[in-house]
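Subject: Structure handover and findings

Hello,

Here is the structure for you to look at. Please open it alongside this message.

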Amino acid sequence: MFAISLGDDGAELRPLEPRHAEEYLAHIDRGREYIGQYIALSDRATDLASATAFLQSYADKAAADTGRLYGIWTDGVLVGGVLFRTFDAASGNCEVGCWLEEAAVGRGLITRAIRVLIDWAVEARGMHRVEWIAASSNTASINVAKRLGMVRDGVLRESNPYRGVRHDMEVWSVLAQEWRERRASGR
């Protein structure tokens with residue numbers, strides 16, 4: 001197992017695996033309302049069995065090289081995570097995503113963790129395009145895409161029915177060459 005430091009504040013990025021189901025469920029329970037504002041992640045883990053099944057689905061994706069899931073721990077406590085929701089090595093395209101409980105907001109954890117994922121996807125795996133999809137009303141998520149230097153490709157109008165409301169979804173992306181240039185310039 002590995003842990004990647006996300007800075008000098010003690011935050012770490014680690015694989016989030018089925019063996020973490022109890023810890024993951026406790027984390028989701030702490031942040032259920034906040035996390036569930038824009039994404040259905042909190043609806044997928046309502047008890048230990050469903051939390052384990054969700055984590056196992058990403059272990060299966062990792063084994064098939066079609067997705068991956070990582071947790072963000074601060075001071076030894078799971079507070080959020082990032083993932084490759086999709087990962088298609090043959091086409092060179094992937095989609096990254098995130099979630100965070102409210103107590104951990106405002107510390108740059110997601111931006112730092114997603115940088116690690118994009119670096120790995122582009123440099124180690126040769127991905128050409130990394131996407132970020134977020135509800136237009138999710139200002140925090142849109143701001144992460146901007147901080148990462150992503151380009152807004154467009155809006156999928158009312159494409160996401162979630163909790164009885166149809167949400168506009170914004171598609172943001174960064175291409176490998178853009179990412180490399182950004183990293184080389186120190187941004």
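Below are the findings, from the sheet to the pocket and then the rings and backbone. Keep in mind that this is a predicted model.

The sheet

Eight strands make up an open sheet. Their order is β1-β2-β3-β4-β5-β6-β8-β7, and the pairing is mixed. β1 and β7 are the edge strands, each paired on one side only. β7 and β8 run antiparallel to each other, with eight bridges between them. Within that pairing, Val155 has Glu170 of β8 as its bridge partner.

The pocket

The largest pocket has a volume of about 1000 Å³. Its lining counts 39 residues. Closest to the centre are Ile39, Cys98, Trp99, Asn138 and Ser141. By class, the lining holds 26 nonpolar, eight polar and five charged residues.

Which elements supply it? Each of these gives at least two residues to the lining:

- the helices α1 (21–35), α2 (48–64), α3 (109–124) and α4 (139–147);
- the strands β4 (77–88), β5 (93–100), β6 (129–135) and β7 (151–162).

β5 provides the largest share, six residues.

Aromatic rings

A pair of aromatic rings is described by how far apart the centres lie and by the angle of the planes. The structure holds seven aromatic pairs.

Take Phe2 and Tyr70. Their pair is tilted, at 6.4 Å centre to centre and 50 degrees between the planes. Phe2 belongs to the segment before β1 (4–5), while Tyr70 is in strand β3 (residues 68–74), so the pair ties together parts 68 residues apart in sequence. Phe2 is partly exposed at 38% relative accessible area. Tyr70 counts as buried, with 12% relative accessibility.

Now Phe84 and Phe87. The ring centres are 5.1 Å apart and the planes stand at 75 degrees, so this pair is edge-to-face. The cut-off for that label is over 60 degrees. Are these two residues buried or exposed? Phe84 is buried at 0% relative accessibility. Phe87 is also buried, with a relative accessible area of 4%.

There is an aromatic cluster as well. It is formed by Tyr24, Phe54, Tyr58 and Trp99. Trp99 also appears among the residues closest to the centre of the largest pocket.

Charges over rings

Two arginines are worth a look here. The charged end of Arg14 sits over the ring of Trp73, 4.3 Å from the ring centre. Arg68 has its charged end over the ring of Phe87, at 5.4 Å from the centre. Phe87 is thus part of the edge-to-face pair with Phe84 and also lies under the charge of Arg68.

Backbone

Which residues other than glycine have a positive phi? Asp65 and Arg163 do.

- Asp65 has a phi of about 60 degrees. Asp65 sits in the loop between α2 and β3. With 22% relative accessibility, Asp65 counts as partly exposed.
- Arg163 has a phi near 55 degrees. Arg163 is in the loop between β7 and β8 (165–175). Arg163 is exposed, at 51% relative accessible area.

Over to you.

Best regards

Notes. Residues numbered from 1 in each chain as written. Predicted model: local features only at pLDDT ≥ 70, side-chain atom pairs only at ≥ 80, totals over all residues. Heavy atoms only, no water. 1 Å grid on protein atoms, 1.4 Å probe; cavity = no way out; pocket = protein on both sides within 12 Å on 5 of 7 lines; lining within 4 Å. Points joined across faces, edges and corners; volume = space filled by probe spheres on them. Helix = DSSP H or I, 4+ residues; strand = E, 2+ residues; numbered from the N terminus. Nonpolar A, V, L, I, M, F, W, Y, C, P; charged D, E, K, R; others polar. Phe/Tyr/Trp six-rings, centres within 6.5 Å; stacked < 30°, edge-to-face > 60°. Buried < 20%, exposed > 50% of the residue type's maximum accessible area, 1.4 Å probe, protein only. Lys NZ or Arg CZ within 6 Å of the ring centre and 35° of its normal. Pairing = 2+ DSSP bridges.
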